[in-house]
Amino acid sequence: MEISELLKNQKVVKLVGDFGGLNVESLAFNTKNISQNCMFFCLRGTVNDGHNFAKTAKDCGAKVLVVERALEVDIPQIVVENTRSALSLMAGNFYGNPRNKLKVIGVTGTNGKTTTTYMIQSILKNAGYKVGVIGTIGVVIDDVKLPAHLTTPDPIELHSLFAQMVNKKVDYVVMEVSAHAIKLDKMFGTICDVGILTNITQDHLDFFKTFENYKQTKLDFISSKFVNQAVVNIDDEMVRNFVIENHKNPRSVNIFSYGLNNPCDTFAVEYKCSLKGTHYYLNLFDEVLEINTSLIGEFNLYNALASATACKILGIDTTSIKCGLENMEEVPGRFNVLNLGKDRFAVVDYAHTPDGLKNILTSVRQISNGKIISVFGCGGNRDSSKRCIMGKISGSLADFTIITSDNPRLEKPSEIIEQIESGVKEVSLNYLCVEDRKKAISFALSKLKKGDVAVISGKGAENYIDIGGVKYHYSDFETIEKEKQKLIKEQEFICWCFL
């Protein structure tokens, strides 16, 4: 591709060097990914500065650099104000701006992003559309599943996925938009037809440093820079205050609201939930739908309200919305209920934030008559301030807590567990620390009695555990299944002894 094509709509500070006859065949921002006739972007990170790798990039075969300052490297350079936003814009140009041929729905928020994207996918498929999904548990291109590397892919991969979706005649793309993606300009130049903000609670303070920075990044998504129309959870106090403050701003986007406790466009009444599913009446812009779904929990009701509102303002018919919500399959790792027999259950969920853990434990308490055993840990090299908070939540809401390991990464698991323990023991003495996650789950399941539920939180559908920076194969589902088979064999042995 010619340089002039790549630079369409890109503000250039200056060009350095001879660009005559230069064509670009690939893009990269990591020297490991440089290939023939590559354009290399020097990105500034929190730890490393890509400008320091310019000579290495040239030695690896890069033919042109995109920089924020001219460098003393004998290679053509494009100087721009921000290499991150330039990467997003030029990646779109490189792939022919496929986003312009798709309708894009972006979902951000601390919790609920994944389930909401799959709810919307189900609705749109019921309406007869081909749908792509991009998010935490993978990429889906019209039912073909691909692995995910990040919640929101880096711009080169993102626009490559958009191009693949266009080739497969996809109509809609539903994607998770992380706070990191917003802050790091991954979405620069990609305006969503509809943007959803599910909620704002504490997370990622290891990166954002303060909650105020994190909150503002999420709220920034609800602007004309990122979306044409917005759908927000009006029951979230910070979101509600933002909507009130921006109501008089003539430049703000059209905002539609959903909730259960405040006046809004979409809400639900007569909500009834059990371990078998949920029933409620959905008031969608004054049109009432009766919904019966296998998905459980009040937080999933909020996700459904968000999904229905977004699809309605996109013109999707209410029959498809109802069918999509009712026929939606369980999302892997999101409130998955596993029957262990003898009226004992395990619930597997990705909850890894204070609000997420509170939601899952509260929901299980509402639908279970027995005791709750909570098994969870916290990831290493991430926001450490939430560990004590989550310990206190589990100690308050569960009958018994087992603190264990969850992707300790480069931290010592024992130290993470100790920080969680400090919160648990503020409110309860009913807890145990078991560093080995398999043993923790085994112990929890062995203690279940009739009506009891073990809530296994933190990893969801992840198929690895990161210890010392190395990812080892691990699955909560596989661990639970093995323990279930043990319980069955033990029960059969006991029955045989009484014959």
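In what order do the eleven strands of the open sheet run? Before I answer, let me say that what we have here is a predicted model. The order is S9-S8-S7-S10-S6-S11-S12-S13-S14-S15-S16, and the pairing within this open sheet is mixed. At its edges lie strand S9, residues 144-146, and strand S16, residues 287-293, each of which pairs on one side only. Going from one strand to the next, the twist averages 15°.

Let me turn to one pairing within that order. Strand S13, which covers residues 254-259, and strand S14, which covers residues 266-274, pair in the parallel sense, and they do so over two bridges. If you look for Gly259 in the structure, you will find that its bridge partner in S14 is Phe267.

Now to the helices that accompany these strands. Helix H4, residues 113-126, packs on the sheet, where it touches strand S6 (103-108), strand S7 (131-135), strand S8 (138-141), strand S10 (172-176) and strand S11 (192-197). The direction of H4 makes about 170° with that of S10. Helix H11, residues 318-326, lies across strand S15 (277-284) and the edge strand S16, and H11 runs at about 20° to S16.

Finally, I would like to move to a feature of the surface. Ile467, Val470 and Tyr472 make a nonpolar surface patch of about 260 Å². Of these residues, Val470 lies in strand S24, which spans residues 470-473. Is Val470 buried, exposed or partly exposed? Val470 counts as partly exposed because its relative accessibility is 40%, and that class lies between buried, under 20%, and exposed, over 50%.

Definitions and conventions:
Residues are numbered from 1 along each chain as its sequence is written. This is a predicted model: local features need pLDDT of at least 70, side-chain atom pairs count only at pLDDT 80 or more; totals for chains, interfaces and linings use all residues. Side-chain values use heavy atoms; hydrogens and water are left out. Two strands pair if DSSP finds at least two bridges between them. Helices (H or I, at least four residues) and strands (E, at least two) are DSSP runs, numbered from the N terminus. Axes are lines fitted to C-alpha atoms, for helices over the stretch in contact, and angles run from 0 to 180 degrees between N-to-C directions. Contact means heavy atoms within 4.5 Å. Patches are made of residues with over 30% relative accessible area and no salt bridge: like charges are joined within 9 Å, nonpolar side chains (Val, Leu, Ile, Met, Phe, Trp, Tyr) within 5 Å. Accessible areas come from the Shrake-Rupley method with a 1.4 Å probe; for residues, only the protein chains shown count as cover. A salt bridge is a side-chain nitrogen of Lys or Arg within 4 Å of a carboxyl oxygen of Asp or Glu. Buried means under 20% relative accessible area, exposed over 50%, partly exposed in between (1.4 Å probe, protein chains only).
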